[in-house]
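Work through the exercises below with the coordinates open. Each task is followed by a solution in steps.

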Amino acid sequence: MKKVSIIFIILSVYFPLEIIGQENILAKEDAVSIALENNYGIKMAKNRAEIAKNNKSVLNSGYLPTLTGNAGANYNDLINSTTEYPGQFETDGTPRADIVIRDAESQTYNAGIAINYTLFDGLGRFYNYKRLKEQHALSELQARETIENTVIQLFSVYYEVARLEENKKVLEQALKISKQRITREEYGFEYGQSTKLDVLNAQVDVTNDSINVMTTKQSLYNAKRDLNVVLNQDLNAFYMVDTLIQFLPKLQLEEYIKKAQENNINLLIVNKGLKINDYDIKVNKSGYLPTVGLTGSYGWNLNQSAPSSFIPGQVFPGTNRTSDNIALGASLSWNLFDGGGTTVRVKNAKIAQQNQALLEKQITLEVNRDIENALGIYENRLRIFKIQEQNVITNQNNFERSKEQFQLGRITSIEFRQAQINLLNAQTNKNLAKYDAKLSELQLLQLTGQLLNVPF
């Protein structure tokens with residue numbers, strides 16, 4: 001008895017039964033909402049969709065004109081200017097005097113605005129604008145794909161936590177029974193109804209059950225940290241999870257499978273790629289057509305000139321000259337032959353479209369295969385779960401009878417332990433089968449494109 005007490009003291013020091021305190025219940029719907037809000041992968045997918053949304057804006061379409069403004073200023077300081085008239089005389093016969101201009105300044109200012117507008121570019125921008133819209137729709141589909149994958153990842157961890165929670169309860173119950181058994185064996189040994197071997201066997205079983213509880217708890221804590229990574233939460237913010245599972249009716253699943261071709265995310269993405277390739281061809285064909293553009297400009301100039309002397313004996317003061325002008329124009333450009341570049345681009349775009357069409361056929365075949373496989377796996381796991389449920393009932397009845405027989409001394413402790421192990425295995429196998437079946441159902445729903453349209 002002292003040996004067993006020492007074992008539990010050691011276990012309680014290193015693995016206390018309640019190291020995480022009071023936990024909150026995390027419902028499935030709440031877990032999905034938190035993941036959609038905080039998961040890093042979903043955030044990045046949403047940002048990529050936002051970039052595509054900006055790209056398909058009219059501001060990036062080429063339909064708006066370009067407006068350019070310019071301005072300038074020049075300053076000129078002529079410190080000294082001397083005009084000499086050698087050999088020239090005034091009318092009275094005196095030599096003509098030099099004309100000196102000091103600190104002469106001049107400034108010029110100009111400003112202008114120009115507008116350019118492409119009236120026609122061979123329909124290139126028209127189809128490119130449509131292509132950008134399809135790119136945005138594609139990015140939204142890719143974001144949905146990321147969300148669906150994240151939801152599957154979330155529930156694979158969520159259900160692992162739920163399975164370990166239920167296993168922990170089963171193992172703790174087994175440990176409790178083993179503790180009761182060791183007490184019975186020790187009393188029996190004192191009164192001569194049990195042997196020392198029976199006591200030692202009970203002690204071994206208690207130790208094994210304690211280790212199983214300890215190992216399961218550690219796995220549970222690790223799984224909860226994995227859940228917090230998916231939810232982007234504090235790693236030590238542990239939750240209790242909902243262990244109640246409901247399966248969809250068979251008729252509802254069959255209806256979803258019939259519409260899988262319309263809703264499967266991979267097929268939607270490849271179909272969107274076909275539309276984008278079609279617009280690529282049309283964009284490249286625009287190189288065969290001319291480009292027509294309109295231009296307009298307005299300019300303003302101010303010239304403040306310095307004093308000058310052009311006539312001997314006279315100095316003219318500086319002047320201010322202002323001018324403005326408006327210009328309008330039109331241009332036509334037609335690249336009659338570009339060395340074959342446009343032809344090559346059109347041919348390559350058509351080949352890319354052919355590859356996309358082949359990819360569509362391949363993905364359609366793969367999706368049909370995956371749905372058939374997923375349906376078979378789901379139905380098989382669901383049958384296994386039903387069998388395991390019945391197996392638990394059978395082993396529970398067997399264990400109760402074995403317990404009665406053991407208390408009456410009609411079976412040995414080894415036989416009782418075997419009945420206990422059989423019940424323990426049946427319960428843990430049922431837990432595994434239950435969550436495997438539910439996860440298979442979610443994977444089937446993802447393939448049919450209905451994962452985000454059903455209650456969890």
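**Exercise 1. Aromatic pairs**

Task: count the aromatic pairs in the structure, then describe the geometry between Tyr-158 and Tyr-159.

Solution. The criterion is that rings of Phe, Tyr and Trp (its six-membered ring) pair if their centres lie within 6.5 Å; planes under 30 degrees apart count as stacked, over 60 as edge-to-face and the rest as tilted. The structure holds 13 such pairs. One of them joins Tyr-158 to Tyr-159, with 5.9 Å centre to centre and 80° between the planes, and is edge-to-face. Tyr-158 and Tyr-159 are both buried (under 20% relative accessible area; exposed is over 50%, partly exposed in between, with a 1.4 Å probe and protein chains only). Ring pairs also put Tyr-158 and Tyr-159 in a cluster with Phe-155, Tyr-435 and Phe-456.

The model is predicted: local features need pLDDT of at least 70, side-chain atom pairs count only at pLDDT 80 or more, and totals for chains, interfaces and linings use all residues. Residues are numbered from 1 along each chain as its sequence is written, and side-chain values use heavy atoms, with hydrogens and water left out.

**Exercise 2. Charges over rings**

Task: which rings lie under the charged ends of Arg-184 and Lys-196?

Solution. The test asks for NZ of Lys or CZ of Arg within 6 Å of the ring centre and within 35 degrees of the ring normal. For Arg-184 the ring is that of Phe-406, with the charged end 5.4 Å from its centre. For Lys-196 the ring is that of Phe-189, at 5.5 Å from the centre.

**Exercise 3. Span of a helix**

Task: check the end-to-end distance of helix α9 against its number of residues.

Solution. Helices (H or I, at least four residues) and strands (E, at least two) are DSSP runs, numbered from the N terminus. The expected span is 1.5 Å times one less than the number of residues. Helix α9 covers residues 341-407, 67 residues, so the expected value is 99 Å; its end C-alpha atoms are 93 Å apart, which agrees. Just after α9, Gly-409 has a positive phi of about 80°.

**Exercise 4. Salt bridges between helices**

Task: find which helices are tied together by the salt bridge of Lys-434 and Glu-166, and then trace the salt-bridge partners of Asp-205.

Solution. A salt bridge requires a side-chain nitrogen of Lys or Arg within 4 Å of a carboxyl oxygen of Asp or Glu. The whole structure contains 16.

1. Lys-434 and Glu-166 meet at 3.1 Å, N to O. Lys-434 is in helix α10 (residues 413-448) and Glu-166 in helix α4 (residues 124-190), so the pair ties together parts 268 residues apart in sequence. Lys-434 is buried at 10% relative accessible area, and Glu-166 at 18%.
2. Asp-205 bridges to Arg-181, with the closest N and O atoms 2.5 Å apart. This pair links Asp-205 in helix α5 (residues 196-231) to Arg-181 in helix α4, 24 residues apart. Both residues, Asp-205 and Arg-181, are buried.
3. Asp-205 also meets Arg-417, at 3.4 Å, N to O. Arg-417 lies in helix α10 and Asp-205 in helix α5, so this pair ties parts 212 residues apart in sequence. Arg-417 counts as buried at 12% relative accessibility.
4. Together with Asp-209, the residues Arg-181, Asp-205 and Arg-417 are linked in a network of salt bridges.

**Exercise 5. Surroundings of Leu-253**

Task: which residues does Leu-253 touch, not counting residues up to four places away in sequence?

Solution. Contact means heavy atoms within 4.5 Å. Leu-253 belongs to helix α6 (residues 250-258) and is buried, with a relative accessible area of 5%. The residues touched are Leu-248, Tyr-378, Leu-444 and Leu-445. Leu-445 is 192 residues from Leu-253 in sequence, yet 7.9 Å away in space, C-alpha to C-alpha.
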